[in-house]
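Let's take a walk through this one together. Have the viewer open and keep the sequence handy.

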Amino acid sequence: MTIINANLDLTKIPKAKIYKGKKGSYIPVTIFVNDEVDQFGNNTSVIISQTKEEREAKEPRIYLGNGKTAALMNQTKKEEVVENDLPF
């Protein structure tokens, strides 16, 4: 199992993309897990899912936010512990 912690900018969600379901209102999202981290240590990004027609029309993606996988967060914590144990 992979856990992703992310922060999403709710102000970027177009009302037209929200749909009503049986138990609430929903927005379809796509989450990318990147092989490399960005300058802030993030390796995931979240966009509003695009339809086939939107992709074919090359419409711009709407980025909602980014985050880190739990494995990356644990790796960062381990590196911090090693750095703190140095005798200088």
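Before we start, one cut-off: a residue counts as buried when its relative accessible area is under 20%, as exposed when that area is over 50%, and as partly exposed in between. Bear in mind, too, that what you're looking at is a predicted model.

By that cut-off, 19% of the 88 residues of the protein count as buried. The accessible surface of the protein comes to about 7300 Å², and carbon and sulfur atoms account for 54% of that surface.

Now for the layout. The protein has two helices and six strands, and reading from the N terminus the elements go β-β-β-β-β-α-β-α. Four of the strands make up an open sheet with antiparallel pairing, in the order 1-6-5-4. Its edges are strand 1 (4-8) and strand 4 (29-33), each of which pairs on one side only. On average, neighbouring strands of this sheet are turned by 25° against each other, ignoring direction.

Inside that sheet, look at strand 5 (residues 44-48) and strand 6 (residues 63-69): they run antiparallel and are joined by four bridges. If you want a spot to zoom in on, Ser45 stands opposite Asn66 in strand 6.

Stay on strand 6 and find Thr69, which belongs to it. Is Thr69 buried or exposed? Its relative accessibility is 8%, so Thr69 counts as buried. Leaving aside residues up to four places away in sequence, Thr69 touches Thr2, Ile3, Ile4, Val33, Asn43 and Thr44.

Over on strand 1 sits Leu8. Leu8 has a relative accessible area of 42%, so this residue is partly exposed. Again not counting residues up to four places away in sequence, Leu8 touches Val46, Leu64 and Gly65. The C-alpha atoms of Leu8 and Gly67 are separated by 8.9 Å, although the two residues lie 59 apart along the chain. For the protein as a whole, take the contacts between residues at least 6 apart in sequence: 48% of them join residues at least 24 apart.

Finally, swing round to the other edge, strand 4 (29-33). Ile31 has its place in this strand and is partly exposed, with a relative accessible area of 44%. Together with Val29 and Val33, Ile31 makes a nonpolar surface patch of about 240 Å². Val33 is also among the residues that buried Thr69 touches.

Key
Residues numbered from 1 in each chain as written. Predicted model: local features only at pLDDT ≥ 70, side-chain atom pairs only at ≥ 80, totals over all residues. Heavy atoms only, no water. Pairing = 2+ DSSP bridges. Axes fitted to C-alpha atoms, helices over the stretch in contact; angles between N-to-C directions. Buried < 20%, exposed > 50% of the residue type's maximum accessible area, 1.4 Å probe, protein only. Contact = heavy atoms within 4.5 Å. Patch = residues over 30% accessible without salt bridge, like charges linked within 9 Å, V, L, I, M, F, W, Y side chains within 5 Å. Areas by Shrake-Rupley, 256 points an atom, 1.4 Å probe, with all protein chains shown as cover. Salt bridge = Lys/Arg side-chain N within 4 Å of Asp/Glu carboxyl O.
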